[in-house]
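Thanks, everyone. I have one model to walk through today. Let me put it on the screen.

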There are 2 protein chains.
Amino acid sequence: MKKKKSFTIYDLARKLNYSPSTISRALKNHHSISEKTIEIVKKAAEEEGYRPNILAASLRNNQSKTIGVLVTRINRPFSSSLISGIENAASKEGYNILISQSNDLYKNEVASVKALFDSRVCGIIATLGMETENVKHFDQFAKIGVPVVFVDRVPADFESYTVVIDNYTAAFNATNHLIEQGCTRIAHFAGAQHLNVYRGRKKGYVDALIKNGLAVDDSLIITMKSLSAEEGEAATEQLMQTANPPDGIFCSNDTTAVSAILTLKKLGVKIPEEVAVIGFNDDPIASIVEPALSTVSHPAQEMGELCTRRILQHVLKKEGTPKIEERSVLDTHLIIRASSNRKNNP
Amino acid sequence: MKKKKSFTIYDLARKLNYSPSTISRALKNHHSISEKTIEIVKKAAEEEGYRPNILAASLRNNQSKTIGVLVTRINRPFSSSLISGIENAASKEGYNILISQSNDLYKNEVASVKALFDSRVCGIIATLGMETENVKHFDQFAKIGVPVVFVDRVPADFESYTVVIDNYTAAFNATNHLIEQGCTRIAHFAGAQHLNVYRGRKKGYVDALIKNGLAVDDSLIITMKSLSAEEGEAATEQLMQTANPPDGIFCSNDTTAVSAILTLKKLGVKIPEEVAVIGFNDDPIASIVEPALSTVSHPAQEMGELCTRRILQHVLKKEGTPKIEERSVLDTHLIIRASSNRKNNP
DNA sequence: TTGTACGCGTTATCAT
DNA sequence: ATGATAACGCGTACAA
């Protein structure tokens with residue numbers, strides 16, 4: 001269905017007996033146009049319902065005001081908060097955002113990145129999928145000077161902006177907290193180890209154990225494919241059936257942590273007395289589950305805003321400041337709730 | 001920072017000694033181009049890393065393959081699921097989605113709609129904000145034949161596609177269920193009444209009471225501005241302090257319902273024996289809170305997919321099928337959990 | 001202060 | 001089967 005031709009600066013020019021260029025300039029308050037003309041043009045534009053065609057402007061300028069965003073799943077607390085932050089910061093500066101999700105499939109990720117490139121985004125913000133092990137598909141951006149910001153799940157070896165949290169320290173602190181609560185046999189629900197976030201969390205966990213003189217028992221480390229509720233339940237059941245079950249679990253996300261809590265309750269295990277549990281992300285469910293889940297807060301919204309700022313800084317930058325690499329590490333916060341707090345439940 | 005000029009069909013044409021039009025056609029498998037030429041062109045395009053410039057194509061075709069999406073807050077279970085559905089259906093057909101959020105502010109909504117229009121989206125999917133009482137800002141789309149799909153929170157008087165659930169029936173059934181459980185004094189947490197969804201839910205609640213011969217007590221109907229957790233808590237406390245507190249609460253969303261449950265527990269009120277609670281949406285927290293929250297499931301993801309389908313149907317439609325109005329009402333499902341189930345807690 | 005002319009990358013139309 | 005040309009709407013160098 002073809003759309004009607006829209007009202008352009010040419011139509012406006014004809015109507016006002018000006019040249020199109022004068023209209024164009026007046027509309028953007030060019031200094032060489034008289035106040036009066038600007039006023040006339042703007043008034044007429046308003047009356048006629050003129051709206052600029054951004055496609056044409058972007059093509060002409062070889063530069064769009066659209067930021068591409070790629071996440072694994074839009075429909076997840078972390079992602080949606082991240083996107084929300086990105087959108088708020090972007091729209092405030094007159095930038096649009098183009099969104100796509102990979103559903104954690106490498107194939108989709110590559111296709112989405114291509115699509116975003118074809119749309120000539122002025123920058124791209126991306127979180128890597130579970131299956132992603134190389135990031136060649138982002139090379140095309142670097143090649144033409146379009147900034148790439150990787151956030152949260154980031155590659156090891158790509159020259160780009162990076163916005164992350166310190167997964168290692170957060171995990172170390174979380175595990176350390178469990179030890180302070182008296183846990184001596186702590187299990188860990190780990191995620192795919194080729195992803196920085198899960199690698200960091202596992203390493204923090206292991207180092208906290210070592211630092212405190214506790215044994216690292218590989219049978220207590222369950223590595224999961226997608227950290228789903230089902231996997232969390234299965235792992236919890238499996239662990240509790242062993243001769244020597246854990247007295248604490250540090251989970252790489254809240255989904256599996258909440259799942260662990262529900263499963264432990266089903267098994268009649270007392271939380272946190274017999275098994276203390278701590279998660280990661282501070283999803284809404286964390287504060288609702290009973291006992292409330294201790295977790296690590298993830299400043300998703302702020303991360304999104306920062307990502308946008310990185311893109312804008314880069315785009316608005318003048319020549320001569322080509323540094324396209326900068327790593328931002330945001331603070332996390334350990335939130336201690338009932339699921340790991342033995343002090344209040346002596 | 002200016003970007004490098006990109007590799008175009010002209011470069012490809014020069015390199016292969018073909019005309020740009022041949023390249024253009026070969027790239028889209030035009031039937032008039034020989035197999036051999038197509039192969040040659042595609043191979044070279046691949047080698048040179050040629051990527052089409054969608055901006056140029058859209059400008060030339062006066063038709064983009066981008067769907068605009070406007071929600072109130074990206075960062076909400078319903079919205080993010082909706083968007084996820086929209087994105088999945090769109091990307092499958094090679095369409096992109098441009099997202100913005102109004103944060104429930106009318107001013108933002110108008111600005112976002114303008115921005116989406118300026119980007120020449122081929123269709124727009126929107127959920128109205130809390131403050132929105134008129135939808136003039138959508139007229140510009142109708143004017144040039146761009147389809148508008150309103151979803152969930154929709155206007156009463158705008159010719160467009162509409163994707164909704166039957167709020168009235170869902171609310172009626174939810175309230176009826178509370179009555180079946182023995183509730184006789186049921187409160188209602190209502191939302192802004194100029195929005196169809198909250199109006200429908202309230203009406204369903206009222207009619208269920210009437211149908212069952214129960215009195216409609218205005219003091220039991222609390223109308224909230226934003227249906228936030230804080231409002232839910234305040235309303236619950238207020239209700240329970242009265243001489244004649246309710247024995248059931250039908251809430252217009254899960255946020256206030258969960259808030260009610262937590263507040264009731266704090267007050268030592270037994271759920272569902274003394275007060276049964278039911279929410280709306282089936283957010284993740286609904287199944288986690290204790291007792292688990294009965295609620296109405298909202299097929300957000302499917303609604304999103306349907307919205308996209310409406311746009312695509314319209315866009316791909318040939319001339320002569322101009323019907324731009326069609327109302328789709330999706331089924332909801334009453335999910336009975338512990339917060340309203342007195343049968344299992346005699 | 002305003003106007004003219006061209007090009008951004010693509011595709012549709014009309015030729016050859 | 002392929003090529004030449006114009007046009008989509010806008011912005012800008014250059015001219016007046």
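I will take the DNA strands in turn, then one helix pair in each chain, then some backbone details.

A caution before we begin: this is a predicted model.

Start with DNA strand D. How many residues surround strand D? The count is 29. The closest are A:Y50 and A:R60 from chain A, with B:S19, B:T22 and B:R25 from chain B. Now look at the DNA side of that surface. Of the atoms of strand D that come within 4 Å of the protein, 62% belong to sugar and phosphate.

Three polar contacts are worth a look here. The first on my list goes to the backbone of the DNA: a phosphate oxygen of strand D sits 2.8 Å from a backbone N or O atom of A:I9. The other two go to bases. A polar backbone atom of A:A56 is 3.3 Å from a base nitrogen of strand D. On the chain B side, the side chain of B:S21 places an N or O atom 3.2 Å from a base nitrogen of strand D.

Which elements give two or more residues to this surface? From chain A they are α1 (9-16), α2 (20-27) and α4 (54-61). From chain B they are α2 (20-27) and α4 (54-61). The largest share is four residues, and α4(A) supplies it. By class, the surface near strand D holds nine nonpolar, 14 polar and six charged residues.

While we are at α1(A), look at its two ends. At the N-terminal end, A:T8 acts as the cap. A side-chain oxygen of A:T8 lies 3.0 Å from the backbone nitrogen of A:Y10. Just after the helix comes A:N17, with a positive phi of about 60 degrees.

Next, DNA strand C. Here 30 residues surround the strand. The closest are A:S21 and A:R60, plus B:Y10, B:Y50 and B:R60. Sugar and phosphate make up 62% of the strand C atoms that come within 4 Å of the protein.

Again, three polar contacts. A phosphate oxygen of strand C lies 2.8 Å from a backbone N or O atom of A:S19. The side chain of A:S21 has an N or O atom 3.1 Å from a base oxygen of strand C. The side chain of A:R60 also reaches a base: an N or O atom there is 3.3 Å from a base nitrogen of strand C.

On this strand, chain A gives two or more residues from each of α2 and α4, and chain B does so from α1 (9-16), α2 and α4. Which helix gives the largest share? That is α4(B), with four residues. The classes here are nine nonpolar, 14 polar and seven charged.

Now away from the DNA strands, to a helix pair. Take chain A. Helix α10 (residues 229-241) and helix α11 (residues 254-266) have axes that come within 8 Å and cross at roughly 45 degrees. That angle makes α10(A) oblique to α11(A). The crossing is right-handed. From α10(A), the contact uses A:A229, A:G232, A:E233, A:T236, A:E237 and A:M240. From α11(A), the residues are A:T255, A:T256, A:S259, A:A260, A:T263, A:L264 and A:K266. Four of the contact residues are nonpolar, six polar and three charged.

Over to chain B. There, α10 (residues 229-241) packs on α11 (residues 254-266) at about 45 degrees, with the axes 8 Å apart. So α10(B) is oblique to α11(B). This crossing is right-handed. The contact of α10(B) with α11(B) has four nonpolar, six polar and three charged residues. Among the residues that meet are B:E233 and B:M240 in α10(B), and B:L264 and B:K266 in α11(B).

Last, the backbone details. Where are the cis peptide bonds I want to show in chain B? One joins B:I271 and B:P272, with omega about 5 degrees. B:P272 is in the loop between α11 and β9 (276-278) of chain B. Another runs from B:E290 to B:P291, with omega near -5 degrees. B:P291 falls in the loop between α12 (284-288) and β10 (295-297) of that chain.

In chain A, go to A:N281. Its phi is positive, near 125 degrees, and the residue is not glycine. A:N281 sits in the loop between β9 (276-278) and α12 (284-288) of chain A.

That is the tour.

Terms used. Residues numbered from 1 in each chain as written. Chains lettered and ligands numbered in written order. Predicted model: local features only at pLDDT ≥ 70, side-chain atom pairs only at ≥ 80, totals over all residues. Heavy atoms only, no water. Axes fitted to C-alpha atoms, helices over the stretch in contact; angles between N-to-C directions. Parallel < 35°, antiparallel > 145°, perpendicular 65-115°, else oblique. Left-handed = near helix turned anticlockwise from the far one by under 90°. Contact = heavy atoms within 4.5 Å. Nonpolar A, V, L, I, M, F, W, Y, C, P; charged D, E, K, R; others polar. Near = heavy atom within 4 Å. Polar contact = N/O pair within 3.5 Å; in protein donor to acceptor, adjacent residues only side chain to side chain.
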